[in-house]
Amino acid sequence: MSTSSHALPLAIVMNTGSGHGEAGAARDEIARILDAAGRPYRFFPIDGERDIEEVVGEAADHAKSNGGALVAAGGDGTINCVAGTAWKEDLVMGVLPQGTFNFVGRTHGIPADTTEATEKLLRATPRDVQIGMVNDRMFLVNGSLGLYPQVLEDREAWKQRFGRHRIVALWSGLATMMRGYRPLRIEVSDGTQTRTLRTPTLFVGNNALQLEKIGLPEAEDVRRNDGTLAGLVLKPIGKLTMLGIMLRGALGKLGEAEQAVSFPFREITVVPKHHRHAIKVAVDGEIVWLKPPIVFRAAPRPLRLLTDGERQPGEDPG
């Protein structure tokens, strides 16, 4: 690409529903900083009137035709959609975090503050970043089957009623636990060995910071950026034990729980018992339906993510 990364035109996909602040104010601040720097840009808003993939596709076409970068301004779901398109189209990607948890931004030293993030974007250069795949879907943070997708669905319903706050996410998760859940019956194969499991959930992580926060030792494996992902399954447990597991995760001690089994891997194939049709899968906080077998692996090539190089992947800016 002939254009310097410090002068790339920016096609900014902006989710007007992400984050706590007013999306309009964030957009104005981003525009102010880019105008002052003389950086070419164009906004592509996700406002509910059009499908998100249609908006991202239009932004990608604009970025390609102008030799620019595709930028996601939103939460992990928006970032996931933009990342999948950027990867498929081999475009450089930028991130302006606007979401609640911001695992992608925090992992790569991108601040949640709009002003700071935009200023860093102006001096950022592309860095290769590992992304995960579940069948043909990309994920930067995690993918999962079973209980976790149900927790996410319930969380979204709670957020619609009570707002997008961490405490709302916590209470919605507790409510899902207490209502009860149906364990998964799955066959899991790594190509050499197949195991039949009965578990509340199968969780696959690609974000070293998130894995570190909940206390899984596989965070170091994922941080190497060499195609290794982290898997987690829970043994069949009751409601009270599940609440204890959640507490351990919140305290960063999930890896110490005897009911939690975690492992590094490069590829696993999951075949749900009694599920011949599509099964619910959570991908970076979004719910999708995928047909078995469900294959988790790292993408065969990295995503080119714009970062300013001030922090190494996995470090938490706080």
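Modeller: Before we start, buried means under 20% relative accessible area, exposed means over 50%, and partly exposed is in between (1.4 Å probe, protein chains only). This is a predicted model, so local features need pLDDT of at least 70, and side-chain atom pairs count only at pLDDT 80 or more. Residues are numbered from 1 along each chain, and side-chain values use heavy atoms, leaving out hydrogens and water.

Colleague: Okay, how many salt bridges are there in the whole structure?

Modeller: A search of the whole structure turns up 13. For each one, a Lys or Arg side-chain nitrogen has to be within 4 Å of a carboxyl oxygen of Asp or Glu.

Colleague: Give me one. What does Arg42 pair with?

Modeller: Arg42 meets Glu58, side chain to side chain, at 3.3 Å from N to O. That pair links distant parts of the chain, with Arg42 in strand S2 (residues 41-46) and Glu58 in helix H2 (residues 52-65), 16 residues apart. Those elements are DSSP runs numbered from the N terminus (helices H or I, at least four residues; strands E, at least two).

Colleague: Is Arg42 buried or exposed?

Modeller: In between: Arg42 has 38% relative accessibility, so it counts as partly exposed. Its partner Glu58 has a relative accessible area of 29%, so that residue is partly exposed too.

Colleague: Switching residues, which one does Glu54 bridge to?

Modeller: Glu54 goes with Arg50, and their closest N and O atoms sit 3.4 Å apart. Glu54 counts as partly exposed because its relative accessibility is 44%. For Arg50 the relative accessible area is 32%, which means partly exposed as well.

Colleague: And where does Lys64 come in?

Modeller: Lys64 forms a salt bridge with Glu89, at 2.9 Å from N to O. Here, too, distant parts of the chain are linked: Glu89 lies in the loop between helix H3 (76-88) and strand S4 (93-97), Lys64 is in helix H2, and the two are 25 residues apart.

Colleague: How open are those two, then?

Modeller: Glu89 has a relative accessible area of 35%, so it is partly exposed. Lys64 lands in that class because its relative accessibility is 40%.

Colleague: Back to the bridges: which residues get joined into one network?

Modeller: Arg42, Arg50, Glu54 and Glu58, through salt bridges that share partners.

Colleague: And why would such side chains pair at all?

Modeller: Generally speaking, side chains of opposite charge can pair when their charged atoms come close.
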